[in-house]
Amino acid sequence: MKLFSKKIDKQIASYQHELIETHYQEVDNMYRQIRGWRHDYRNHIQAMKAYAAAGDWDAIRQYLDLLDKDLSTVDTVVKTGNAMTDAILNSKISLAKSKGIQVVADAHIPVKLKSSEIDLCCIIGNLFDNAIEASMKLPEEQRLIRVYMDMKNTQLYISFTNFTAGKKLMKEGGLFRSTKGKGHGFGLVRMDAIVERLEGYISRNSEDGAFTTEILLPQV
């Protein structure tokens, strides 16, 4: 039994490492795009100066439209007040949008969090990955993820809701079963372990056409 437990712990640790690496790669990619745009800033200014010198105002307007569209792909979508949360949320929102999934996010964290960045990374990453995976089973026009984060007194409240293609999920042993295949259930196990260690609260609710996860994490 002890050997089995060690094996499970090793698999969970491996999954956690893989998850964190993926998140940081996504964040790094987002900031690479931002740095690239800043690097080109001087060239953009020089191009518009040339159009202005020639009096070609139509060309300037078209150029500005292109720049506005380009910048919108790297602009920060959500500003919570917490840098790490911003990085994870925005990288995942960008990933969801690239898959044709609409994301409605309302997130405010006006204080420094007690929860570690790694714990928060694992929780938000898992919630987003699960929501994205479920959304991909729907037609593009029906894909939607709702995210809400805010402080409720001294606790951080996190809520994720996504639409689903299937009917209400059934629990097995008190937990909703992962549909992602062997190994992927460790994400849920890891998330529950983090919430329990932080003395928080987690609730999952499945209804026909929707799945919601709510989490409360004490910050004092």
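User: In this predicted model, two strands count as paired if DSSP finds at least two bridges between them. What makes β3 and β7 a pair?

Analyst: Strand β7 spans residues 210-218, and β3 and β7 are joined over 9 bridges in the antiparallel sense. The requirement is at least two bridges, so the two strands are paired. One bridge links Thr161 to its partner in β7, Thr212.

User: What makes β2 and β3 a pair?

Analyst: Strands β2 (residues 144-152) and β3 (residues 155-163) share 8 bridges, again set against a minimum of two, and therefore they pair. Their sense is antiparallel. Met149 has Ile158 in β3 as its bridge partner. The hairpin of β2 and β3 has 2 residues between the strands, and Asn153 takes a positive phi near 60° there.

User: How do you know that Cys121 and Cys122 form no disulfide?

Analyst: A disulfide requires sulfur atoms within 2.5 Å. The sulfur of Cys121 has its closest cysteine sulfur in Cys122, at 5.4 Å, and is therefore too far for a bond. For Cys122 the closest cysteine sulfur is that of Cys121. The count by this rule is 0 disulfides.

User: Why is Cys121 called buried, and what of Cys122?

Analyst: Buried means under 20% relative accessible area. Cys121 has 1%, so the term applies. Cys122 has 0% and therefore also counts as buried.

User: How does the reach of helix α2 compare with the expected span?

Analyst: Helix α2, residues 41-53, has 13 residues and reaches 19 Å from first C-alpha to last, close to the expected 18 Å. Just after α2, Gly55 takes a positive phi of about 70°.

Key:
Residues numbered from 1 in each chain as written. Predicted model: local features only at pLDDT ≥ 70, side-chain atom pairs only at ≥ 80, totals over all residues. Heavy atoms only, no water. Helix = DSSP H or I, 4+ residues; strand = E, 2+ residues; numbered from the N terminus. Expected span 1.5 Å × (residues − 1). Buried < 20%, exposed > 50% of the residue type's maximum accessible area, 1.4 Å probe, protein only.
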